[in-house]
Amino acid sequence: MKSEVEVLIYSILSAIPRGRVTSYGQVAAFAKLPRSARLIGRVLRHLPPETTLPWHRVLRADGKIAFPPDSHNYRRQKRLLEREGVEVSRGKVDLRIFGWQGS
DNA sequence: GGGCTGACTTTTC
DNA sequence: AGAAAAGCCAGCC
């Protein structure tokens, strides 16, 4: 049974275009849930591994991947990002590609 | 119910 | 630039 916020977050995620990224806090703010960045992470956590949602386009506010660099998830996210042309150097992406919808 | 935990963020050293 | 600290908010014992 999916809650309202889950569905809302899903729709926001799917709206992030290829080659762009955003942060947990940004998604939260966009969902009208300020101060709830951790909520986003919690929702993504329960996402099935075979999801088609672009969860990998969500990074921390400083542009770094939210996983420890030696973890499996870290490598998976990095691979997915680079597959769509996003450069990840030293665990970080260029902050200029943050945000979406114009700007 | 109270305390702990974390796919977070911001401020302060 | 990197680390520590404090804020934040739900879910889970």
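1. A polar contact here is a pair of N or O atoms within 3.5 Å. Leu-44 offers a neat case to start with: a backbone N or O atom of this residue lies 3.3 Å from a base nitrogen of DNA strand B. Please keep in mind as you read on that the model is predicted.

2. Staying with DNA strand B, two further polar contacts are worth a look in your viewer. Tyr-24 places a polar side-chain atom 3.0 Å from a base nitrogen of the strand. Gly-25 uses its backbone instead, with a polar atom 2.8 Å from a phosphate oxygen of DNA strand B.

3. Which residues come nearest to DNA strand B? There are 14 residues around the strand, and Gly-25, Arg-38, Arg-42, Trp-55 and Ala-61 are the ones that come nearest. By class, the surface near DNA strand B has seven nonpolar, three polar and four charged residues.

4. Where does that surface come from in the fold? Helix α3 gives the largest share of the surface near DNA strand B, with six residues. Helices α2 (24–30) and α3 each supply at least two residues to this surface. On the DNA side, sugar or phosphate makes up 39% of the atoms of DNA strand B within 4 Å of the protein, and the rest belong to bases.

5. Now to DNA strand C. The residues around this strand are Arg-35, Ser-36, Arg-38 and Arg-42. Of the atoms of DNA strand C that come within 4 Å of the protein, 65% are accounted for by sugar and phosphate. The surface near DNA strand C divides into no nonpolar, one polar and three charged residues. Arg-42 deserves a closer view, as one of its polar side-chain atoms lies 2.7 Å from a sugar or linking oxygen of DNA strand C.

6. Next, the helix packing. Helix α1 (residues 4–14) and helix α3 (residues 37–45) have axes that come within 11 Å and cross at roughly 90 degrees. Angles of 65 to 115 degrees count as roughly perpendicular, and α1 and α3 are therefore roughly perpendicular to each other. On the α1 side the contact is made by Glu-6, Ile-9, Tyr-10 and Leu-13, and on the α3 side by Ile-40, Val-43 and Leu-44. Sorted by class, the contact of α1 with α3 has six nonpolar residues, no polar ones and one charged.

7. Finally, the aromatic rings. How many aromatic pairs does the count give? The count comes to one aromatic pair. Phe-30 and Trp-100 form this pair, which is tilted, with 5.0 Å from centre to centre and 45 degrees between the planes. The pair links distant parts of the chain, 70 residues apart: Phe-30 sits in helix α2, and Trp-100 in the segment after α4 (72–83).

Note on methods: Residues are numbered from 1 along each chain as its sequence is written. Chains are lettered from A and ligands numbered from 1 in the order in which they are written. This is a predicted model: local features need pLDDT of at least 70, side-chain atom pairs count only at pLDDT 80 or more; totals for chains, interfaces and linings use all residues. Side-chain values use heavy atoms; hydrogens and water are left out. A residue is near a molecule or strand if one of its heavy atoms lies within 4 Å of it. A polar contact is a pair of N or O atoms within 3.5 Å; within protein, one must be able to donate a hydrogen and the other to accept it, and residues adjacent in sequence count only if both atoms are side-chain atoms. Ala, Val, Leu, Ile, Met, Phe, Trp, Tyr, Cys and Pro count as nonpolar, Asp, Glu, Lys and Arg as charged, and the others, Gly among them, as polar. Axes are lines fitted to C-alpha atoms, for helices over the stretch in contact, and angles run from 0 to 180 degrees between N-to-C directions. Helices (H or I, at least four residues) and strands (E, at least two) are DSSP runs, numbered from the N terminus. Angles under 35 degrees count as roughly parallel, over 145 as roughly antiparallel, 65 to 115 as roughly perpendicular and the rest as oblique. Contact means heavy atoms within 4.5 Å. Rings of Phe, Tyr and Trp (its six-membered ring) pair if their centres lie within 6.5 Å; planes under 30 degrees apart count as stacked, over 60 as edge-to-face and the rest as tilted.
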